[in-house]
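Hi,

Here is the structure I promised to pass on. Have a look at it first, and then read my notes below.

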Amino acid sequence: MRLTLIASLLFVPLACAQRPAPDLATDAVAHLLESAKQHEHYTFLDTEHDVSYIDGKSNEEKTTLSETIELEGQPYTRRLQVNGRPLSGKALAHEQQLYDQAIQERRSVSDVRAQGHKTFQHSSSSVLNRLTLDFTNRVIGHEPMDGRACVQLLFEPKPGVSPAPTKKLTLWVDLATHEVLRDDQELLVVENNLLPGSVFSTRFTPVDGVLLEKQFIGNFNWNEPAMHNKLIHLIATHDFTNYRRFRTTVTISPGPSTPQ
């Protein structure tokens, strides 16, 4: 009797620990969307180190220093250095051209009105907005990330959804905070010239209370003759510095009165 009681006392906490909160998926998606929104209000330097392989053989290694600044009330990212050397020649001229074009577009009132919030939207954000609507979700395992206990949630497209989602996702969700520490996405169809089965994994780390991408790992096949049946493996790591929040003030002034 005593052994049975001890076993039952041990089993109950374990069972509770394995059972995720009913709102876990909703909270996790909300955290991802809020984190993406927060990124729109910060300036920073990003040192990105990329290493790529083709069919297991080393292909290229590159380090890029980029700066995200506030430009007309919105974040704008420009390259400063490649492999420790400041941009020069055609590369510098191209970056300046992009910068000048961004200024012109953002200062155009008609352009801003026409685009609405499209300027801020990223394709991944569109997928995240639909996760709790167009996807089913279920727990497929438990795996710690950075010493934090996480549950793995698999999001798969619901049948009959139109337009049909092009990928499925697995999120590593912190059981204590419901923050997403890792986001894996697998293509189900050809998209952007990438073949089905291509997988992209993003890992996040907190910087000043905001979760930022610290590592991106891609395993994919390009739908191009030169890369036919060749597996491309890409590892990109990020180091953020000078991460600061900026604020914008918008003043709405009445226009000239319309003659009666």
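A word on terms before the notes: helices (H or I, at least four residues) and strands (E, at least two) are DSSP runs, numbered from the N terminus, and two strands pair if DSSP finds at least two bridges between them. Please keep in mind that this is a predicted model, in which local features need pLDDT of at least 70 and side-chain atom pairs count only at pLDDT 80 or more, while totals for chains, interfaces and linings use all residues. Residues are numbered from 1 along each chain as its sequence is written, and side-chain values use heavy atoms, with hydrogens and water left out.

Let me start with the hairpin of β9 and β10: two residues lie between the strands, and D208 there takes a positive phi near 55°. These two strands pair in the antiparallel sense over nine bridges, with R203 opposite Q215 in β10. On the other side of the pairing list, β10 is joined to β11 (residues 232–245) by six bridges, again antiparallel, and F216 stands opposite A236 in β11.

All of this belongs to an open sheet of 11 strands with antiparallel pairing, in the order β4-β3-β2-β1-β11-β10-β9-β8-β7-β6-β5. Its edge strands are β4 (85–86) and β5 (135–142), each of which pairs on one side only.

Now the helix I would look at next. Helix α2 (residues 24–38) lies across β1, β5, β6, β7, β8, β9 and β10, and runs at about 90° to β6 (axes are lines fitted to C-alpha atoms, for helices over the stretch in contact, and angles run from 0 to 180 degrees between N-to-C directions). Which residues of α2 are buried? They are L24, A25, A28, V29, L32 and S35, where buried means under 20% relative accessible area with a 1.4 Å probe, protein chains only. These residues cover an arc of only 130° around the axis, which puts them on the same side of α2; the arc is that of the directions from the helix axis to the C-beta atoms.

Finally, the interior. The largest nonpolar core (buried Ala, Val, Leu, Ile, Met, Phe, Trp, Tyr and Cys residues joined through side-chain atoms within 4.5 Å) has 22 residues, and L131, F155 and V173 have the most contacts inside it. The largest share of this core, five residues, comes from α2. V173 touches L24 and A28, among others, a contact being heavy atoms within 4.5 Å.

Best wishes

Note on methods:
Buried < 20%, exposed > 50% of the residue type's maximum accessible area, 1.4 Å probe, protein only. Lists of a residue's contacts leave out its neighbours within four places in sequence.
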